Each structure stands twice: as structure tokens, then as C-alpha cells.
Amino acid sequence: MKYLRVWLEARPIGYVPAVSRKDTAAGPGWRQRRIAAYLDAPPTEGWQRLSAGNGAKGPRDYDWVRLPLIAPPADGWARWMLLRRSFADPDEITAYVCFVPDGTALADLARVAGCRWTVEIYFEAAKQEVGLAQYEVRSWTGWHRHVTLACLDHAFLTVVRARGHDPLADAQKGDRQSSSP
């Protein structure tokens with residue numbers, strides 16, 4: 001993950017990925033700290049209740065705080081440690097390392113971090129509808145072909161559904177009609 005972050009920062013392309021407890025980040029003064037240190041001793045002040053977007057069960061509101069990390073070499077950009085805390089369970093905290101344009105609001109960071117759920121929902125739908133996870137390949141080329149075609153199938157279904165037609169539902173209706181006496 002660190003190599004991807006370095007590559008993105010060299011271009012500069014912003015990012016807000018969730019990070020593992022085992023990962024590290026450089027805070028002010030170039031001091032490397034494990035993400036676990038941020039998670040085990042979160043700040044007591046500065047938290048704001050913000051939405052990460054709407055989910056299947058309604059709004060996804062959490063408490064958020066950002067802590068400064070070492071300044072990046074790119075002018076006009078900043079690095080942050082973003083912490084998300086569940087207000088239902090304050091011990092449940094997730095960390096994100098951010099590289100964003102200077103002046104990016106905390107609410108924008110929370111919204112971008114929340115986009116991850118949208119991607120996961122689409123991957124889950126692709127697994128169920130077009131068999132994204134149903135492959136038995138032994139080479140990268142075979143896996144790449146399978147995933148590419150499954151994603152293309154899912155994109156096709158999304159466009160067709162957006163136009164008011166659902167081929168999977170129509171196929172299921174046809175199966176039910178042909179099986180009845």
C-alpha cells in the first residue's frame with residue numbers, strides 16, 4: 001500500500017484508503033508511528049459527527065477527527081490521519097491515511113471514505129449476478145479475462161436496468177412460465 005501511496009503522491013492524485021493497524025505513518029517531525037498507536041489512544045477532543053453517505057439501512061453517521069501527518073513534497077497538498085469512530089460502540093475505530101488538496105474539509109474526507117461501501121455493494125452484486133467470484137483459473141491471464149468479462153457483464157446490466165429493463169428478472173419469469181404445467 002505504501003508504494004501505491006508514493007506513486008499517487010508523485011502525480012499528485014488524492015487518496016483516502018483505510019489502513020491496517022500494522023501499517024505506519026509519519027507524523028509531524030518525521031516520527032513514524034504504527035496506526036495501532038492512533039487507534040489505541042485516539043484524541044479525546046475534536047470529533048465531529050458527520051455522514052459517510054446513505055447506506056442500505058439509512059444514513060451512516062459516525063464521529064470523525066483528522067490529525068496532521070508529515071507535509072508532502074507536493075505544494076498545495078496535505079496528509080492527514082482520518083479516524084472514524086462508531087458512536088454506538090466508541091471502541092470501534094477505523095483509520096484512513098489521506099493525501100488531499102489543502103483546505104479539504106473534514107466532511108469531504110468523510111464522504112470520500114464512505115464511497116468504499118458503494119464499491120463493495122457493486123462488487124457483491126457482481127459476485128451474485130454475473131459470477132465475479134466463480135472462477136477456477138490457474139493463471140493471471142485467465143483470472144484477468146474472467147474478471148474483465150464479469151465486470152463488463154455487470155456494467156451492461158447496470159446500463160440496461162437504468163433504461164428500465166431487467167434481463168435477469170425477465171429470464172427468471174420465463175423460467176417460471178416454462179416450468180408450469
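Visitor: What makes β6 and strand β7 count as a pair, and how many bridges join them?

Guide: In this predicted model, nine bridges join β6 to strand β7, residues 93–101, and the two run antiparallel. Two strands pair if at least two bridges are found between them, so with nine bridges β6 and β7 count as paired. Within this pairing, W80 stands opposite C98 in β7.

Visitor: How do you know that β5 and β6 pair, and in which sense?

Guide: Strand β5, residues 58–68, shares six bridges with β6 in the antiparallel sense, and because at least two bridges are required, the six are enough to call β5 and β6 a pair. One of the residues involved is W64, whose bridge partner in β6 is R84.

Visitor: Why is D23 called buried?

Guide: D23 has a relative accessibility of 14%, and buried means under 20%, so D23 counts as buried. D23 is found in the loop between β1 and β2, where D23 touches K2, R5, R33, R34 and I35, leaving aside residues up to four places away in sequence.

Visitor: What makes a group of residues a nonpolar core, and which members of the largest one touch the most others?

Guide: Such a core is a set of buried residues of certain kinds, Leu and Val among them, joined through side-chain atoms within 4.5 Å. The largest nonpolar core has 18 residues, of which I35, L39, L69, M81, L83, A95 and V97 touch the most other members. α2, β6 and β7 each supply at least two residues of this core, and β7 gives the most, with four.

Notes:
Residues numbered from 1 in each chain as written. Predicted model: local features only at pLDDT ≥ 70, side-chain atom pairs only at ≥ 80, totals over all residues. Heavy atoms only, no water. Buried < 20%, exposed > 50% of the residue type's maximum accessible area, 1.4 Å probe, protein only. Contact = heavy atoms within 4.5 Å.
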